[in-house]
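Please take the chain below as a starting point and follow its fold step by step.

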Amino acid sequence: MKPLSVPSAAHAGRKPGGNGLGRTASVAPASGADIFAKARQFTRLSEVQAMGLYPYFVPIESSTSTEVVVGGRRIVMVGSNNYLGLNHDPRVMQAAQDAIAKYGTACTGSRFLNGNTDLHERIEARLATLTGKEAALVFSTGFQTNLGVIATLVTKNDVVLIDKLDHASIVDGCRLSAGETIRFRHNDMDDLEAKLRRVRGRAALIVVDGVFSMEGDIVDLPSVVELSAKYDARVAVDDAHSVGVLGPTGAGTAEHFGLTDEVDLIIGTFSKSFASIGGFVAGEGVVIDYLKHHARSEIFSASMPPSACAAVLACIDILEQEPERRLQLWENAERMRKGFRSLGFETGGSVTPIIPVVIGDDLATFEFWKRLFDGGVFTNPVVAPAVPERESRIRTSYSATHTSDQLDFVLDVFARVGKSMGIIS
Ligand code: PMP
C-alpha cells in the first residue's frame, strides 16, 4: 500500500508547547531522539481510516453464538474461533454465573500464591485425561502458555525449532528464551531435517501449530515425530485450533494421527472451542511440575477468573457428551470449503474449519472485507506480515452452531462481492 501521509487525527493541528498540565505529548526531547517517533510515523492507520476501510477493533454490541450486533445491525459471524459454538450455551453460561456467586469475579492474584481454586485443579485433571497425558498445567491465556513453556524449557545452549507460520506467541516465547531459535519452512520436513542435522547432540525442542491459524492446514505430525525420534528432539504441539476439533474425542492433533504418546507436550487455549479464556500445557508429570514452579508467565500473573474456569469445565462435559457437535462443525466446514471452491475462490491448503479466501493485495482485501461487512458478514482481513506479501486474505472460520441458512447467506454475499470486485467471474 502506498503511504498517503495523512497525519493521524490525534496529532493533526496540535501545537507544541505546554498546556499548564505538564509536558504535552507533542514536545519532542531536545536531543531529537524521541522514543515516540515510531508512533508519529505510523500513518498507515489514518490512511486506511481515511479510505473508510479500517477493519479492526470493531465494537460488538451484543452477540449470539453465530451473530453479532454492530451499529444496531445483525451480522453473521464467520470471523471467530467459536468452533463448538458454546459461548452462548445455557449450560456454560449458567456454570460461569454459579462460579461468580461462589467465588466472586476474580482471584486477584496468581495461582502460585493466592489465586488457585479447586476449579483450576479440576480443569488440569480433566485435560490430562482428555489429552492422554500424565498431568496438565493451566495458565491465564494461551499466549502466556507458549511464553512460559518455551522460555522455561529452552535455556542457554538449547535449541528450539519452529515452523515459519507458527503463532506469534511461539515466536515471542522463543524471543524470551535464552536458547537458539531456528525456523524451518512451513510444514517442510526436508528443511526441518536439515536444521535438526545441524544441531545434532544439543538439547532440542520442536514446536509446531497443530492447525495453522491463518492457513487452516494441519501439521505433518507423523514426519515431525519421526524426525524427533531420529534426532533426539522433544516435540510440543500448539493445539489452539485443534482441541475440540481434531481427533475422535476432540483431543487434538496427536489424537487425530494416533500419536499421543509420541508428542511430549500438548499446548492449548480455552479461548476457542472452550468458549472462555486461559491456556494449558499437558505432558509428563515431572515436566509439568517443573513448569509450575518456574514459568514466569504463570507465577507472576493473576489466575484465570473462576467464571472462566467453570465455563471450561462445562465445555469439557459437553465435548465428551455431545460428539455430534464436532461432526456438525466438520459438516459446516466442508460445505463452506466446497462452496468457496465451486464459486472459484482460492482457499489455499485449508482442510479444517479455518478457511481463508485469498485475495492478494492489501487494499483489495480491506475493500473486500468492507463489502462483506456491509453485506452482513463478519470476517477477518489478514495482511502481511501475518501472511506473505501479495497473499492477503479474508480469514473465515466456522462453528457447529451455524445454520444452513446462515452458511448459504455467507456464500451468497461472497459470490456477489467476489464478482463485483472481479475476484471471481
Ligand atoms: N496459539 C495459537 C495457534 C493461536 O491461534 C492463539 C490465539 N489466536 C494462541 C496460541 C493464543 O491463545 P490465547 O488467545 O488463549 O492467548
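The text below goes from a sheet to the helices beside it, and then to some points in the loops.

The model is a predicted one. A good place to begin is an open sheet of 7 strands, in which the pairing is mixed. Read across the sheet, the strands come in the order S4-S10-S9-S8-S7-S5-S6. Strand S4 (135–139) and strand S6 are at the edges. Each of these two has a single partner strand, so one side of each is left without a neighbour in the sheet. From one strand to the next, the twist averages 20°.

One pairing inside this sheet can be followed at residue level. Strand S7, residues 204–209, and strand S8, residues 234–238, run parallel and are joined by 5 bridges. Ile206 takes part here, with Val235 in S8 as its bridge partner.

Next come the helices. Helix H4, made of residues 118–131, lies across S4, S9 and S10. Its direction is at about 130° to S4. Helix H5, residues 142–153, also packs on the sheet. The strands that H5 touches are S4, S5 (159–163), S7, S8, S9 and S10. Relative to S9, the direction of H5 makes an angle of about 155°.

Which residues of helix H6 (residues 168–176) are buried? They are Ser169, Ile170, Val171, Gly173 and Cys174. The cover over these buried residues of H6 includes helix H5 and the strands S5, S6, S7 and S8. H5 thus appears twice in this account: it packs on the sheet, and it is part of what covers H6.

The loops hold some backbone details. Asn187 sits between strand S6 (180–184) and helix H7 (189–198), in the loop that links them. What is the phi of Asn187? It is near 55°, a positive value in a residue other than glycine. With a relative accessible area of 21%, Asn187 counts as partly exposed, because buried means under 20%.

Ala275 is another residue other than glycine with a positive phi, here near 45°. The loop that holds Ala275 runs between strand S9 (265–269) and strand S10 (279–283). Both of these strands belong to the sheet described above.

Further along the chain, the loop between strand S13 (380–382) and strand S14 (392–397) contains Pro385. Is the peptide bond from Ala384 to Pro385 cis or trans? The bond is cis, and its omega is near 10°.

Key
Residues are numbered from 1 along each chain as its sequence is written. This is a predicted model: local features need pLDDT of at least 70, side-chain atom pairs count only at pLDDT 80 or more; totals for chains, interfaces and linings use all residues. Side-chain values use heavy atoms; hydrogens and water are left out. Helices (H or I, at least four residues) and strands (E, at least two) are DSSP runs, numbered from the N terminus. Buried means under 20% relative accessible area, exposed over 50%, partly exposed in between (1.4 Å probe, protein chains only). Two strands pair if DSSP finds at least two bridges between them. Axes are lines fitted to C-alpha atoms, for helices over the stretch in contact, and angles run from 0 to 180 degrees between N-to-C directions. Contact means heavy atoms within 4.5 Å.
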